[in-house]
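User: I have a sequence and its 3D structure open. Please take me through some of its features.

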Amino acid sequence: MDVLLVERAIAGDEEAYAGLMAMAGDRLLAIAYRILRDLHRAEDAVQVALVNAWRDLPTLRDADRFEAWLTRILVRACYVEADRGRRWNANMRVLPIDLPETSDPTSTVVDRDRLDRGFRRLPTDQRAIVVLHHYLGWSQPEIARALEVPIGTVKSRLFYATQGLRAAIEADDRPTSAERPA
Amino acid sequence: MTTDSDLDRQIQDYLQSGPAELSDRVLWAARAQLKTTQRRRARLAWLTPWRNISMSQSTRLLLTAGGALALVVAIGAGLLGGTGNRDTGHSASASPLASSGSPAIPSPSTASSAPQSSAFPIPTYPAQSAAPLTSAWETAGGPATRLGIPEMAPDGRIWAASCTDNAFRILTPGGQLAETWGPPVGDAHHFNFTLPNGECNGAIAFAPDSGFWVLDFGNFRVVRFDKDRKYLGSWGRFGSGQGEFSHANDIGVDTVGSVFVADEGRHEIQVFTSDGVYVRSVAAGHGGSFLSTNGEGWVDTSLLPDGRPGLTEYKPDGSYQGGIDMPDLIPRPLGITHDGLGNLYVVGLTLADEPGAMVRFKSPPGGTQDVWNAGGIAIAVSSEGDAAYVLQASTETIAKYVIPAP
């Protein structure tokens, strides 16, 4: 990220911030989509995050931390968006993702469906940690620093998320009662 | 059974798929909202080194450094040092009623030689030469004036409590006396800006709608008025309980109407709702004599938590934001105020009680500070930050300085 551009944006330069938005937009959408698993809600979260970041930019002290700081704002916007969606989404059936997928020779469609079901059952705060850790590749201390939560919180959320995903996969592997030998 | 590494790999694979790019529609929608978005005011970049020190950690540091007694001692000698104070109430003298059978409240004067804690990682601001600043005008001074802390009203006029008649002097930005105002003698709300020991002070804080709260120094209370100067209520009395005052010295109000009262006798800043319901205490145990709130509940005060002179900032929830020592800029920082742009102004005295410097810490973060030779004991600034009104210690006057643009 261009630090000078960030500093100009902090000082109130709207054009500079527009440049930052353009640079950060795709990455933000990628993160938000992976947390929310819904393109339209992800776009809404990104839009809210971009506006909130502009509002809060004067409070950013270290321009070098812009990316992590912006990610935190996005994650919070995802929490709000997920909470908003939950109210009217509770009885809706989860539909499979209809987005183009990258080629992935090591993952089967079955694995993906199982993981998808398990992931969608996770609380949003656990999803966020999973995405930051496994998608962005951030270490647990980096996540804790970026989200301004204790490292213990990151560890426990990641642990429970992993447990949840494991359970989702392995539950599907267990034989049903009809399949069990008598 | 799926191994941990297999599961991690599957999760990473699963997370690879997703949308490629953000729609221009979202970017344009966000951009359209920028112009109507009210930006937050900046916090002060120079306080960063303290960001991660919590109140409890700081308190532990204090106690480790010298115990509870040292805390009281350090507080006493910190801001004002107990030397050469004028009698305007901005002093470290004993609580006026403490020696006459009133509630015993620890007095700053119990400490004349304070050990200085070295446990606090408080940064020291580097020395910087002060630029000359010539006053545009100065009120007629002398002992007869005896003024309290000046404050600028939303209409641009400057109010300062006068101890000679317990009323406010209201000055135009041009320095003319526009009016003298206060409830008349005999009225239940008549102010008293002088303590029995002769200390003089009074302060006022304005809401954006021109309603205001008066720190009625000698009556140990806060009196609230609406914009038409109609009495709305009052609270407070001498004491150590919630909502009581020992040596209240300064008052501020934020944009939601929370009222902040700095009490150098109680060593804390009490926060109230606009009608006087006690909310909480900030800087309990080490509150300074002067305060300024930036309007959003952030509070700055001119005393470090270890009792030394300096600047400390507290978050809206009352926890520490940070502190800074400025021995080479202002040895004894006193008056503090914000302009409407978020810049912070501090004035103070030298150790010899001479006018020190006026420092402007510019917003947004990362900005530098300006230093001018325009010190004093209290300050008000215009909302645009282009004029400062400084109460001078030695001459009992208010001087106006035109401030260069940042």
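User: In which helix is A:Leu70 placed, and is A:Leu70 buried or exposed?
Analyst: The model is predicted, so local features need pLDDT of at least 70 and side-chain atom pairs pLDDT 80 or more, while totals for chains, interfaces and linings use all residues. Residues are numbered from 1 along each chain as its sequence is written, with chains lettered from A and ligands numbered from 1 in written order. A:Leu70 lies in helix α4 (residues 66–89) of chain A; a helix here is a DSSP run of H or I with at least four residues, a strand a run of E with at least two, numbered from the N terminus. Around A:Leu70 there are 26 other C-beta atoms within 10 Å, and 20 or more count as buried, 12 or fewer as exposed and those in between as partly exposed, with C-beta atoms placed from the backbone, so A:Leu70 is buried.

User: Which residues does A:Leu70 touch, not counting residues up to four places away in sequence?
Analyst: Contact requires C-beta atoms, placed from the backbone, within 7 Å. By that rule A:Leu70 touches A:Ala24 and A:Ala53.

User: Which strands stand at the edges of the open sheet in chain B?
Analyst: Strands pair if DSSP finds at least two bridges between them. The order is β10-β11-β12-β13, with antiparallel pairing. Two of these strands have a single partner each, so one side of each lacks a neighbour in the sheet: β10 (248–253) and β13 (278–282) of chain B.

User: Which residue is the bridge partner of B:Gln270 in β13(B)?
Analyst: Strand β12 (residues 268–272) of chain B pairs with β13(B) in the antiparallel sense over four bridges. The partner of B:Gln270 in β13(B) is B:Ser281.

Note on methods: Two residues are in contact if their C-beta atoms, placed from the backbone, lie within 7 Å.
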